[in-house]
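Colleague: I would like to learn how to read pockets and cores in a model. Please start with the terms.

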Amino acid sequence: MEEKKRSPFAELYAPLPDVDAYLERIGYTGGRSADFATLCALMECQLNAIPFENLDVFHGHLEPELGTEALFDKLIRRRRGGYCFELNGLFWRLLEALGFHSWCGVGRIAFGRDHLSPPAHRVIFVEIDGVRYFCDVGFGGPIPASPLPVTGGEIHTCAAGRRYRFLRGGEETTLFVERGGVFVPMLIFDEKPHDPVDYVPLNCFCARSPAQPFLHRQMIWRMAREGRCSIDGDLLRVTRNGVTEETRLETETALREALLTHFDIDYPGELREWRGQGR
């Protein structure tokens, strides 16, 4: 009798292999009830511990693997970061393992764009006591630092002090962020559940298309309890208590030291030319 072949996408549906190791990685020591307080604490710990980064795509020209085991190995065992398909993909598995009613959707980046961009972002929704919350740990930059209720028009202030609002229209919802007293569009997304395999072509597009920014410059970002830190091209920005310091990373040694000091990343691969970017 011929043995049935295993689906090449089977690993996309695997459960989280070790909840305790994940919680240790992000420094979470609280309770494990599937409630709003736990969700807020988990999200804060995640954003402080695991950075947004595209080093494998930019320096290694690699398409990230989205299987649960591969994500767990990269983000938890090897203490790396990733982008939305990785970060939100594994965080969703953590929420699922802890009993949260959660699912992932698909979004378009609107922030800084003057055109309609293709769907290229993975978002998370969590429903608690009949309220639907937007929960994203995979955007970097001005993403809400705490779960926000997806409502129509109300202004919400996240844990980091930024203000946001949602606008629902038809099958899509737009998230706006306040910049200079004006609310500008940040993400356009649908709120329906998407299957894990749906992110495979989107991930390929983000990692390989010249139309996407990940191939053209390195982007690293992490929230910190006293501020945030980022690398955009060759520019390191460190913000503490509202004061920002900027440093040009002119040498490979400087870049590797910045990755280790500010993002806890000991990048094992070769570094392609990054100097002169982000100017």
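Modeller: On a 1 Å grid over the protein atoms alone, a pocket is an open set of points where a 1.4 Å probe fits, with protein on both sides within 12 Å along at least five of seven lines; lining residues have an atom within 4 Å of a point. Helices (H or I, at least four residues) and strands (E, at least two) are DSSP runs, numbered from the N terminus. Here α2 (36–49), β10 and β11 each supply at least two residues of the lining of the second largest pocket. This is a predicted model, where local features need pLDDT of at least 70, side-chain atom pairs count only at pLDDT 80 or more, and totals for chains, interfaces and linings use all residues. Residues are numbered from 1 along each chain as its sequence is written, and side-chain values use heavy atoms, with hydrogens and water left out.

Colleague: Which residues are the closest to the centre of the second largest pocket?

Modeller: Of its 15 lining residues, those are Ala 145, Ala 160, Met 223, Ala 224 and Gly 227.

Colleague: Which strand gives the largest share of the lining of the largest pocket?

Modeller: That is β11, with five residues. β10 (219–224), β11 (227–232) and β12 (235–240) each supply at least two.

Colleague: And how do I read a nonpolar core?

Modeller: It is a set of buried (under 20% relative accessible area, 1.4 Å probe, protein chains only) Ala, Val, Leu, Ile, Met, Phe, Trp, Tyr and Cys residues joined through side-chain atoms within 4.5 Å. The largest one has 68 residues, and Phe 91 is among the six that touch the most other members. Helix α5 (residues 84–97) gives the most to this core, with eight residues.

How values were computed:
Buried means under 20% relative accessible area, exposed over 50%, partly exposed in between (1.4 Å probe, protein chains only).
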